[in-house]
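Colleague: Could you take me through this model, step by step?

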Amino acid sequence: MEREHRRIECRSDGGEVVIVIELQFFDIQKTAAGDREYPGARRFALISGGGVRLIDARTYEDIDTGAWRHLVGSGPDRTF
């Protein structure tokens, strides 16, 4: 299964604000102690559904267009 982990506010080189969504795969297994959740790989996508590649901690690349998206904000992370 997959779920939304966080939303990241980014800005293109042209000033357009876009939202990058971080999604994470996970699996739930039944154990003697109860259900256990196993986190898996993460992936990034635009709200429109287009793929995004992580370049570094503050930069993402739109796979379809090649445009770079930069994290907005002065803190280490601008998520909501």
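The questions below go from the fold to its core and then to one residue.

Modeller: Before we start, this is a predicted model, in which local features need pLDDT of at least 70, side-chain atom pairs count only at pLDDT 80 or more, and totals for chains, interfaces and linings use all residues. Residues are numbered from 1 along each chain as its sequence is written, and side-chain values use heavy atoms, with hydrogens and water left out.

Colleague: How many strands does the protein have?

Modeller: Helices (H or I, at least four residues) and strands (E, at least two) are DSSP runs, numbered from the N terminus. The protein has 0 helices, and its count of strands is 6.

Colleague: Which elements give two or more residues to the largest nonpolar core?

Modeller: A nonpolar core is a set of buried (under 20% relative accessible area, 1.4 Å probe, protein chains only) Ala, Val, Leu, Ile, Met, Phe, Trp, Tyr and Cys residues joined through side-chain atoms within 4.5 Å. The largest one has 9 residues, including Ile8, Val20, Phe44 and Val52. The elements giving two or more residues to this core are β1 (2-12), β2 (17-31) and β3 (34-46).

Colleague: Is Glu61 buried or exposed?

Modeller: Glu61 belongs to strand β5 (residues 59-62). Leaving out residues up to four places away in sequence, Glu61 is in contact (heavy atoms within 4.5 Å) with Gly51, Val52, Arg53, Ile55, Gly66, Ala67 and Trp68. Because its relative accessible area is 17%, Glu61 counts as buried.

How values were computed:
Buried means under 20% relative accessible area, exposed over 50%, partly exposed in between (1.4 Å probe, protein chains only).
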